[in-house]
Amino acid sequence: MMRARDAVSLALLTLPVALYACAGPAPSTTQAPSPAAGGPATISGGPLSTMNMPGVAGQQKACAGPREKTFDLDVIETTGVDLGMGMTFAAWTYNGRIPGPTIEACEGDRVTINVRNRGTTSHGLDTHAMKIDARKYGPVAPGATLKIEKTVDTPGVFMYHCAAGPVTDLHIKSGIHGAMIVYPRNEQLRPAREIVVVESAVYGTRDRNGHIPGTDPAKTAKNDQLFSMFNGRLDNAPVSVNPGDLVRMYFVNVGPGVSAAHVIGSVFDAVYAGAPWVHGVQTFAVPAGAGAMFEFYIPEAGVFPFVDHDKLAFLPFGFALAFASVDVAPGSAVSH
Ligand SMILES: [Cu+2]
């Protein structure tokens, strides 16, 4: 597996650079911005994306738009979604994708979510952004549509996922989850290159053809994943950024366990996981079922992989999302 090897070599290549920077006088850099000075970021491009995750509309559009927003989702039990690296997974999903579509609202919006159950068993939807009678999250029978309505009044990045009574864990871990952003209405976020990243995992056994035919309840019960992923892919292409960019990541951890969110080669300038913002954080803990905004600068030309520092064992499965301002040698996990 070419990509697997390369993901490891990426990490190995990156480490000595970090160590060098610590050990000696600061190496001269040509165009490092000064995050410490708190100056405005150089924004030289639009929202960022990965294969399974389009760019966000953003705070300005969400908050300038109508204060009543409606989102329609379909629960679809697939026979196989492509995870990359030659693997497919018979996932259960919202809208046929892992993760589901990102729901963007603004603080104070009246949000309606219609969930059409196109599956063969009962499904629902639970969004952590709402304060509501939990029974309103379903589930509903196959063929039925669930309607959830509430004003969202807490800004942040929230997980949403299937609500299926006692088997909810199995449904979430089969792929029925996504991110919901509630932008603050009165606090203007800094100009930044924005991206949504959802960390999740697959629990099953792959066959000779790389197909994982379903979720294994014994493995989900033990949080024993086959591998973890960002945005439903094992092999995300590098995200192209520029030196000086401020990146704002809307992050959700589906699980398992705590995500030790970290960017190799940068330090979070600001983190929001519920007021207030905190600053100068190397690694931020996001438990399963939680989310956060991470703001970090691209300090100089190079490659800056976002990782779960507690799950580096999955680097051979491509579990790193590289932010890169440079072309990387062909055959590398961070090549364009
Ligand atoms: Cu479900």
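**Figure 1. Ala 221 sits in helix H4 of this predicted model.** With 12 C-beta neighbours inside 10 Å, Ala 221 counts as exposed, because the cut-off for that label is 12 or fewer. Look across to Asp 169 as well: the two residues are 52 apart along the chain, yet their C-alpha atoms are separated by 8.2 Å. Just past the helix, which spans 217-221, comes the loop that leads to S13, and Asn 223 is found there. Asn 223 has a positive phi of about 55° although it is not a glycine. With 14 C-beta neighbours inside 10 Å, Asn 223 counts as partly exposed.

**Figure 2. Met 85 is another residue with an unusual backbone angle.** Most residues other than glycine have a negative phi. Here, phi of Met 85 is near 55°. The residue belongs to the loop that links strand S2 (81-84) with strand S3 (87-89). Its surroundings hold 18 other C-beta atoms within 10 Å, so Met 85 is partly exposed.

**Figure 3. Six strands make up an open, mixed sheet.** Reading across, the order is S13-S11-S15-S20-S17-S18. Strand S13 (227-230) and strand S18 (278-281) are the edge strands, each pairing on one side only. From one strand to the next, the twist averages 25°. Zoom in on strand S15 (residues 246-253) and strand S20 (residues 290-297): they run antiparallel, and eight bridges hold the pair together in the model. For one of the residues to pick out, take Arg 248, whose bridge partner in S20 is Glu 295.

**Figure 4. Two cis peptide bonds turn up in loops that follow S15 and S17.** Most peptide bonds are trans. The bond joining Gly 255 and Pro 256 is cis, with omega about 5°. Pro 256 lies in the loop that runs between S15 and strand S16 (259-263). The bond between Ala 275 and Pro 276 is cis too, and its omega is about 0°. For Pro 276, the place to look is the loop between strand S17 (268-272) and S18.

**Figure 5. Ala 192 is a buried loop residue.** You'll find Ala 192 in the loop between S10 and strand S11 (193-202). There are 22 other C-beta atoms within 10 Å, so Ala 192 is over the line for buried, which is set at 20 or more. Now find Met 249, 57 residues away along the chain: its C-alpha atom and that of Ala 192 are separated by 9.3 Å.

**Figure 6. Strand S5 is covered on both faces.** In a regular strand the side chains alternate between the two faces of the sheet. In S5 (residues 103-106), Ile 103 and Ala 105 are buried on one side, and Glu 104 and Cys 106 are buried on the other. S5 runs parallel to strand S10 (residues 177-183), with four bridges joining the two. Cys 106 has Tyr 183 as its bridge partner in S10.

**Figure 7. Four strands form a second open sheet to look at, again with mixed pairing.** The order is S4-S1-S6-S8. Strand S4 (92-94) and strand S8 (145-151) each have a single partner strand, so one side of each is left without a neighbour in the sheet. The twist here averages 15° from one strand to the next. Strand S1 (residues 68-77) pairs with S4 in the antiparallel sense over three bridges. Within that pairing, Ile 76 has Thr 93 as its bridge partner in S4.

**Figure 8. Phe 251 belongs to the largest nonpolar core.** This core has 94 residues, and Leu 125 and Phe 251 are those with the most contacts inside it. Domain 1 (2-48 + 192-324) and domain 2 (59-183) both give residues to the core, so it lies between them. Which residues is Phe 251 in contact with, leaving aside its neighbours within four places in sequence? They are Val 157, Val 197, Ala 261, Val 286, Gly 291, Ala 292 and Phe 294. Zooming out, buried residues make up 48% of the 336 residues in the protein. Among contacts with a separation of 6 or more, 72% are between residues 24 or more positions apart.

How values were computed: Residues are numbered from 1 along each chain as its sequence is written. This is a predicted model: local features need pLDDT of at least 70, side-chain atom pairs count only at pLDDT 80 or more; totals for chains, interfaces and linings use all residues. Two strands pair if DSSP finds at least two bridges between them. Axes are lines fitted to C-alpha atoms, for helices over the stretch in contact, and angles run from 0 to 180 degrees between N-to-C directions. Two residues are in contact if their C-beta atoms, placed from the backbone, lie within 7 Å. A nonpolar core is a set of buried Ala, Val, Leu, Ile, Met, Phe, Trp, Tyr and Cys residues joined through C-beta atoms within 7 Å. Domain bounds come from an automatic or database domain assignment.
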